[in-house]
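Thanks for coming, everyone. Please have a look at the screen before I start talking.

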Amino acid sequence: MAPGATAQTTFATKPDEKDPYIYQVGFGNRFASEALPGVLPYAQNSPQKVKYELYAEGMTGSSFVAPRAENQTAWLYRIRPSVAHQGFTRLPDNADLESNFLPSNPKVHVSPTQLAWHPFNLPSDNERVDFVDGLHTLAGNGDPTLREGIAIHVYTANASMENKAFCNNDGDMLILPQQGRLDVQTEFGKMMVRSGELLVIQRGMKFKVILPDGPSRGYIQEIYGSHYQLPELGPLGSHGLANARDFETPVAHFDIDQSAWQITYKVCGQLHACSQEHTPFDVVAWHGNYVPYKYALEKFTNVGSISKDHIDPSIFCVLTAKSKAPGVPLCDFLIFSPRWDVASHTFRPPYYHRNSCTEFMGLLYGTYGGRSDGFEPGAASYETGFCPHGVSYDEWKKASEADLKPMRIHEGTMAFMFESSMMFTMTDFAMKRSGKLHMHEPKMWDNLKAHFMSHLDEVNADLKAAGLPDLNSRSK
Ligand SMILES: [Fe+2]
């Protein structure tokens, strides 16, 4: 390379009008990034002296002895280590933030039936609500003290965090903006996330959220006991669904800022705060694989049946997280996005079903057809395990009689599902305070006609032809 030339790499993205930042690409890589040249130590992690007398700080996201495939760590080289924090103070509880979903908690409730919520209200103009203040929990399972379970939140905010950062010690957060971009500063660098992208920030990472587009709303899935990973592809082979090279991790960025900051920590569902006289975003260089990332859901490669019948919805899985039971996901994050529907001799909408899993759905943009519950962007719906559901009679009839040509579905739409093997309980906010709950109307299935009854003569004729007694001779 000629002197002065700049290395071009295909392993970094370019800024665009929606996102001014650049990213390293890949999923689960051992990334490395330095904002000043030569800061990362050579062939070691913790030298006696780091360049510029920075402090080395190690971070683990798994047990020290976790197998290599699951071992997650990071090394951060920073102006001051995180321990320079002046101690913790308990903050008042956020009444809408819940972490204990055990039925012994009087603040959570069981619903055997479908539930649905209209889009959650944004804060009014006369209040100032940032991302942390605006967290509201809807449902979940388990408890972070057990390192087992899951929580589903929405955030509604109208103010940027100023000299304030958040650190969730309870779980990894998968954040889905629905309205308004999030300009997120993390210890690892900056990320801009829009509706249609997911953002994962793992346990123990400090971050700050700025709202460049004003009032914002979105969904969050928090997992207590494991980390997100890409689903195995099995017979699909090496590619398809969410491809590893489409995930984006920030590059190192540090601020020189010796002003007063507050870091809010979520610990076992409680909020605690530290005050410190310097920014937490002072990491000059870092390396590791315990790092935040984002992914544009439009990049997902859908696969499906090209002959007949439905493939199980696990083909729509973007990310999955293991439970402690072998072969059972704690949760799968699924999306329903534009694709072709081509299966022949097939009832194409979702068939009537009762699944062992809990289904929680939201809509980022567009319209999601076949429902009668006012499912708009920012709304949500819920079905617990074995809660029967399926399309209305009109949808069934239309799909049963349709001329099955190849057709595009979900055009301009991004719907998602948090599907969990766990049973959920619902919070007071979901059931009462949000004011957005509406029971999924069970009457929508009342007109599912028993067409079989108009075929009794035909059945008797067939029985007779087969030498079998007719229906009239059967005991009632
Ligand atoms: Fe379902």
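I'll go through the domains, the cores, the strands and then a few single residues.

One thing up front: this is a predicted model.

Let's start with the overall layout. The domain assignment gives two pieces. Domain 1 covers 4-105 + 126-296. Domain 2 covers 298-452. How far apart are the C-alpha centres of domain 1 and domain 2? They lie 29 Å apart. The two domains also touch: 50 residues of domain 1 are in contact with 37 residues of domain 2.

Now the inside. The largest nonpolar core has 44 residues. Leu-176, Leu-198, Leu-297, Val-318, Leu-319 and Phe-333 have the most contacts inside this core. Which strand gives the most to this core? Strand β24, residues 329-336, with 4 residues. And the core is shared between the domains: at least three of its residues come from each of domain 1 and domain 2.

Take Leu-176 as an example. I'm skipping its neighbours within four places in sequence here. Beyond those, Leu-176 is in contact with Tyr-155, Glu-197, Leu-198, Gly-218, Tyr-219, Leu-297, Phe-333, Leu-364, Phe-416 and Phe-418. Apart from this core lies another one, of 35 residues. Met-59, Met-173, Ile-175 and Phe-207 are among them.

On to the strands. There is an open sheet of 8 strands, with antiparallel pairing. The order is β17-β23-β24-β29-β26-β27-β7-β31. Which strands sit at the edges? They are β17, residues 228-229, and β31, residues 437-439, and each pairs on one side only. At the β17 end, 2 bridges join β17 to β23, residues 317-322. Those two strands run antiparallel. Tyr-228 has Ala-321 of β23 as its bridge partner.

Next, please find strand β16, residues 216-223. How many of its 8 residues are buried? The count is 8 of the 8, so β16 is largely enclosed by the rest of the structure. Look at the two faces. Ser-216, Gly-218, Ile-220 and Glu-222 point one way. Arg-217, Tyr-219, Gln-221 and Ile-223 point the other way. Both sets are buried.

What pairs with β16? Strand β9, residues 148-157, joins β16 through 8 bridges, running antiparallel. There, Val-154 is the bridge partner of Tyr-219. Strand β11, residues 172-179, pairs with β16 too, over 7 bridges and again antiparallel. In that pairing, Ile-175 is matched with Ile-220.

Now for two hydroxyl side chains. Thr-137 is in strand β8, residues 135-143. Is Thr-137 buried or exposed? Its relative accessibility is 0%, so Thr-137 counts as buried. A polar atom of its side chain lies 2.9 Å from the backbone nitrogen of Glu-98. Outside its sequence neighbours up to four places away, Thr-137 touches residues including Asp-96, Leu-97, Phe-101, His-153, Thr-427 and Phe-429.

Ser-62 sits in a loop, between β3 (55-60) and β4 (73-78). At 18% relative accessibility, Ser-62 still counts as buried, because the cut-off is under 20%. A polar atom of its side chain is 2.8 Å from the backbone nitrogen of Gln-72. Setting aside neighbours within four places in sequence, Ser-62 is in contact with Glu-70, Asn-71 and Gln-72.

Cysteines next. How many disulfides are there? The count is 0. For Cys-317, the nearest cysteine sulfur is that of Cys-331, 8.7 Å away. Cys-317 is buried, at 2% relative accessibility. For Cys-387, the nearest cysteine sulfur belongs to Cys-357, 11 Å away. Cys-387 is buried as well, with a relative accessible area of 4%.

Last stop: backbone angles. Asn-163 has a phi near 45°, a positive value in a residue other than glycine. Asn-163 lies in the loop between β9 and β10 (164-168). Its relative accessible area is 29%, so Asn-163 is partly exposed. Cys-268 also has a positive phi, near 50°. Cys-268 lies in the loop between β19 (261-267) and β20 (270-276). At 42% relative accessibility, Cys-268 is partly exposed.

That's the tour. Thanks for listening.

Definitions and conventions:
Residues are numbered from 1 along each chain as its sequence is written. This is a predicted model: local features need pLDDT of at least 70, side-chain atom pairs count only at pLDDT 80 or more; totals for chains, interfaces and linings use all residues. Side-chain values use heavy atoms; hydrogens and water are left out. A nonpolar core is a set of buried Ala, Val, Leu, Ile, Met, Phe, Trp, Tyr and Cys residues joined through side-chain atoms within 4.5 Å. Buried means under 20% relative accessible area, exposed over 50%, partly exposed in between (1.4 Å probe, protein chains only). Domain bounds come from an automatic or database domain assignment. Contact means heavy atoms within 4.5 Å. A disulfide is a pair of cysteine sulfur atoms within 2.5 Å. A polar contact is a pair of N or O atoms within 3.5 Å; within protein, one must be able to donate a hydrogen and the other to accept it, and residues adjacent in sequence count only if both atoms are side-chain atoms. Two strands pair if DSSP finds at least two bridges between them.
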